[in-house]
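Trainee: I would like a close look at one helix in this model. Please take a single part and go through it slowly, then set it beside other parts of the chain.

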Amino acid sequence: MLRRLLFNLWYFRNPPWDSGVSPPELLEFINNHPPGKAIDLGCGTGTNLITLARAGWQVTGVDFALPAIRMAKKKLKEAGIQAELHVGNVTKIDHISGPFDLALDIGCFHSLDQEGKQDYLTQLDRFLAPNGSWLMYGFYAQGTPRSGHGLAEADIDLISARFALRSRQNGFDKRERPSAWFLFQKS
Ligand SMILES: C[S@@+](CC[C@H](N)C(=O)[O-])C[C@H]1O[C@@H](n2cnc3c(N)ncnc32)[C@H](O)[C@@H]1O
């Protein structure tokens with residue numbers, strides 16, 4: 001609840017992640033996969049929905065921050081793009097059925113607590129199409145792991161028990177925190 005409030009507040013102050021530019025890792029994915037149905041989990045103001053839609057993808061976005069979804073609606077309308085947008089918690093989206101060929105997550109999964117991560121993976125397994133991809137970016141927890149403060153190696157094991165790891169690119173975010181891009185696939 002507190003986390004949701006904090007994210008809502010961020011959107012009144014130009015959040016640092018909201019650059020308006022899609023990352024090269026997403027562009028590379030788009031270049032190497034035919035368009036289909038995509039869902040952006042924690043879609044923020046919709047920058048990556050626009051990029052995907054312009055490449056021919058049918059897009060759905062979910063975010064629990066109402067101001068982000070309001071901005072996404074405006075940006076998509078101005079770009080002339082049709083999309084399904086939902087205000088909701090990514091761990092509780094039973095009403096979204098899929099199947100999706102791509103689930104994108106840039107900076108959302110890593111912020112969930114352990115129960116949230118489990119619920120998220122259950123949802124993902126339900127709505128991802130066979131052979132569907134999950135492209136996920138997150139940063140790692142630093143120091144003593146605290147629930148909801150980044151990825152831990154145990155999370156990668158948890159995910160790998162359900163989805164096949166296709167690629168992993170380690171790096172650092174703007175604040176020099178260790179981070180990584182992951183591509184998982186549902187078998
Ligand atoms: C770091 S931002 C990234 C936004 C967007 N993916 C981007 O790249 O611009 C993380 C987003 O996830 C959303 N978020 C975090 N936890 C969420 C949850 N449990 N359910 C839905 N959205 C969530 C936040 O509101 C925020 O918009």
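Mentor: What follows is a walk along one helix, and then some places elsewhere in the chain. Keep in mind that this is a predicted model.

The part to look at is helix α5, residues 114-127. Its 14 residues, at 1.5 Å a residue, should span 20 Å, and the end C-alpha atoms are 20 Å apart, which agrees. The expected span is 1.5 Å times one less than the number of residues.

Which residues of α5 are buried? They are K117, Y120, L121, Q123 and L124. Seen down the helix axis, the buried residues of α5 fall within an arc of 160°, so they line one face of the helix. E115 and T122, on the other side of α5, are exposed. As for partners, the buried residues of α5 pack against two strands, β4 (100-106) and β5 (128-139), and against helix α6 (153-160).

One residue of this helix deserves its own paragraph. L124 sits in α5 and has 25 other C-beta atoms within 10 Å. The cut-off for a buried residue is 20 or more such atoms, so L124 counts as buried. If neighbours within four places in sequence are left aside, L124 is in contact with A103 and W134. L124 and L41 are 83 residues apart in sequence, yet their C-alpha atoms are 9.9 Å apart in space.

F12 makes a useful contrast. This residue lies in the loop between α1 (2-10) and α2 (24-32). F12 has 8 other C-beta atoms within 10 Å; exposed residues are those with 12 or fewer, so F12 is exposed. Between the C-alpha atoms of F12 and P67 the separation is 7.7 Å, although the two residues are 55 residues apart along the chain.

Strand β6, residues 164-172, is hardly covered: of its nine residues, the count of buried ones is zero. β6 runs antiparallel to strand β7 (residues 178-185), and eight bridges join the two. Within this pairing, F172 stands opposite P178 in β7. Five residues lie between the strands of the hairpin, where E176 takes a positive phi near 65°.

Last comes the ligand. There are 20 residues around the ligand, and those that come nearest are F7, G42, G44, F64 and G107. By type, the shell divides into eleven nonpolar residues, seven polar and two charged.

Methods. Residues are numbered from 1 along each chain as its sequence is written. This is a predicted model: local features need pLDDT of at least 70, side-chain atom pairs count only at pLDDT 80 or more; totals for chains, interfaces and linings use all residues. A residue is near a molecule or strand if its C-beta atom, placed from the backbone, lies within 6 Å of it. Ala, Val, Leu, Ile, Met, Phe, Trp, Tyr, Cys and Pro count as nonpolar, Asp, Glu, Lys and Arg as charged, and the others, Gly among them, as polar. Helices (H or I, at least four residues) and strands (E, at least two) are DSSP runs, numbered from the N terminus. The arc is that of the directions from the helix axis to the C-beta atoms. Two residues are in contact if their C-beta atoms, placed from the backbone, lie within 7 Å. Two strands pair if DSSP finds at least two bridges between them.
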